[in-house]
Amino acid sequence: MSRADHLFTSESVSEGHPDKVSDRISDAIVDAFLAADPLSRVACETLCTTNRIVLAGEVRGPDPLVDAQGNVNKTRMEEIARQSVKDIGYEQEGFHWQHADVEVYLHGQSADIAIGVDAAGNKDEGAGDQGIMFGYACNETDSLMPAPIHLSHAILRSLADVRHSGAEPGLLPDSKSQVTLRYVDGKPVGATSVVVSTQHTENLSQDDVREIVRPHVETILKNGWMCPEDEFYVNPTGRFVIGGPDGDAGLTGRKIIVDTYGGAAPHGGGAFSGKDPTKVDRSAAYAARYLAKNVVASGIAERCTLQLAYAIGVSKPLSVYIDTHGTGEVDEDKLVATLCEMVDLSPRGIREHLKLSRPIYARTAAYGHFGREADPDGGFSWEKTDLADALKAAF
């Protein structure tokens with residue numbers, strides 16, 4: 001097959017997947033600090049396993065979360081972790097929000113890191129770390145996301161909705177999906193296979209679970225896009241009762257491709273969850289998506305990849321790169337210059353433009369950080385297309 005005609009697969013995992021439980025807890029910690037002080041610094045990692053949750057990392061924030069000596073309020077951190085697990089829905093013998101042991105090893109932020117990041121005198125706020133970040137958008141879906149990851153997320157969100165509502169009491173929190181689409185002339189035309197594995201109660205058979213899942217998949221896929229019956233796999237091992245952190249350990253930041261573009265675009269390697277917005281791993285990746293999405297929304301290109309690069313303690317990006325994959329109608333160098341005039345891509349500029357210093361991150365921990373609707377309170381602000389008209393006018 002040529003590159004225009006091919007199969008492409010992306011996966012998603014639910015909020016109850018062990019790694020996503022960890023992401024949710026870490027982001028809930030971030031939200032707690034930003035709610036108390038928008039200038040808080042947080043780098044929180046979480047480990048989840050059988051009835052055990054471990055928090056580690058460094059923070060800087062106000063009382064009552066951190067005292068003057070930098071000692072963390074461990075009782076409050078434990079409460080946040082338990083509430084996160086409760087919201088997901090874990091009340092199982094091997095992992096229960098109320099009975100799990102919670103250990104807190106968060107400590108004060110390194111003074112060496114603070115020197116590089118903080119603004120002082122004539123020095124602007126610097127990037128929280130070095131690294132490269134990518135943003136991507138395409139016109140395959142209304143959300144300007146690649147279709148395989150968009151559909152994989154949608155299937156699991158649909159199953160989560162009926163689990164939380166009680167309409168399907170046999171479903172449990174841990175689940176995964178995988179969608180393979182056929183592309184013809186570079187456009188998706190239908191699914192060739194779909195895989196859904198979902199944790200379930202003891203009384204349900206594999207066939208029972210298959211029929212619970214089927215209508216959700218058929219509703220999410222467009223008319224005529226459903227895969228052949230022999231390529232529709234539900235719980236292919238036959239049984240999925242033991243799940244979540246009891247079945248497999250979870251760690252913050254292990255699902256970075258699920259969080260972004262499902263493998264359809266490059267990734268700089270940095271995770272998002274557990275980090276406050278001075279960390280460019282998070283904020284610059286959001287800015288890159290914001291700019292790429294506005295380029296596609298403006299009609300300048302059908303696809304857009306944007307890369308940003310930073311050095312720790314340095315405010316300006318070291319490089320800005322754009323690739324419209326041969327679909328662009330304007331000069332890419334001029335496009336870069338125009339975008340840089342529209343948005344200050346320093347860490348402070350990104351944070352202020354997208355209003356990121358708010359408690360808006362726990363909701364990002366599952367079903368993707370991109371392709372979501374912007375919320376009235378500022379959540380998913382990087383999904384707005386408010387630059388599209390100005391870009392049209394500029395060209």
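Visitor: Why is Asp-377 called partly exposed?

Guide: Good place to begin, and please keep in mind that this model is predicted. Asp-377 has a relative accessible area of 39%. Buried means under 20% and exposed means over 50%, with partly exposed in between, so Asp-377 counts as partly exposed.

Visitor: What makes Asp-377 and Arg-363 a salt bridge?

Guide: Their side chains meet with N and O 2.8 Å apart. A salt bridge asks for a side-chain nitrogen of Lys or Arg within 4 Å of a carboxyl oxygen of Asp or Glu, so this pair qualifies. Both residues sit in the loop between α9 and α10, 14 residues apart. Arg-363 is partly exposed too, with a relative accessible area of 29%.

Visitor: Which residues are joined into one network by salt bridges that share partners?

Guide: Those are Arg-210, Glu-211, Arg-214 and Glu-229. Across the whole structure, the search finds 22 salt bridges.

Visitor: How do you know that Asp-87 and Arg-24 form a salt bridge?

Guide: The closest N and O atoms of the two are 3.4 Å apart, and the cut-off is 4 Å, so the pair passes. Asp-87 belongs to helix α2 (residues 74-88) and Arg-24 to helix α1 (residues 18-36), so the bridge ties together parts that are 63 residues apart in sequence. As for its surroundings, Asp-87 has 37% relative accessibility, which makes it partly exposed.

Visitor: What makes the pair of Glu-103 and Arg-52 a link between distant parts of the chain?

Guide: Glu-103 is in strand β6 (residues 101-108), while Arg-52 is in strand β3 (residues 52-60), and the two are 51 residues apart. Their side chains meet in a salt bridge, with 2.3 Å from N to O. Glu-103 counts as partly exposed at 23% relative accessibility, and Arg-52 is partly exposed at 33%.

Visitor: Why is Ile-350 called buried?

Guide: Its relative accessible area is 1%. The limit for buried is under 20%, so Ile-350 is buried. You will find Ile-350 in helix α9.

Visitor: Which residues does Ile-350 touch, not counting residues up to four places away in sequence?

Guide: Among them are Ser-283, Ala-284, Ala-287 and Tyr-310. Others on the list include Asp-344, Leu-345, Lys-355 and Leu-356. To touch here means having heavy atoms within 4.5 Å. The C-alpha atoms of Ile-350 and Val-296, for their part, are separated by 20 Å.

Visitor: Stepping back, how many helices and strands does the protein chain have?

Guide: There are 10 helices and 13 strands.

Visitor: Why is the protein chain said to be as compact as a globular protein of that length?

Guide: Its radius of gyration is 22 Å, and the globule rule gives 21 Å for 395 residues; the two values are close, so the chain is as compact as a globular protein of that length. Taken along the principal axes, the C-alpha atoms fill a box of roughly 65 × 55 × 35 Å. Buried residues make up 54% of the 395.

Visitor: What share of contacts between residues at least 6 apart in sequence joins residues at least 24 apart?

Guide: That share is 72% in the protein chain.

Visitor: And how many positive and negative side chains are there?

Guide: The protein chain has 38 positive and 58 negative side chains, and the centres of the two sets lie 2 Å apart. The chain exposes about 16,300 Å², of which carbon and sulfur atoms supply 49%.

Technical notes:
Residues numbered from 1 in each chain as written. Predicted model: local features only at pLDDT ≥ 70, side-chain atom pairs only at ≥ 80, totals over all residues. Heavy atoms only, no water. Helix = DSSP H or I, 4+ residues; strand = E, 2+ residues; numbered from the N terminus. Rg over C-alpha atoms; globule rule 2.2 N^0.38 Å. Buried < 20%, exposed > 50% of the residue type's maximum accessible area, 1.4 Å probe, protein only. Areas by Shrake-Rupley, 256 points an atom, 1.4 Å probe, with all protein chains shown as cover. Lys, Arg positive; Asp, Glu negative; His and termini not counted. Charge placed at Lys NZ, Arg CZ, Asp CG, Glu CD.
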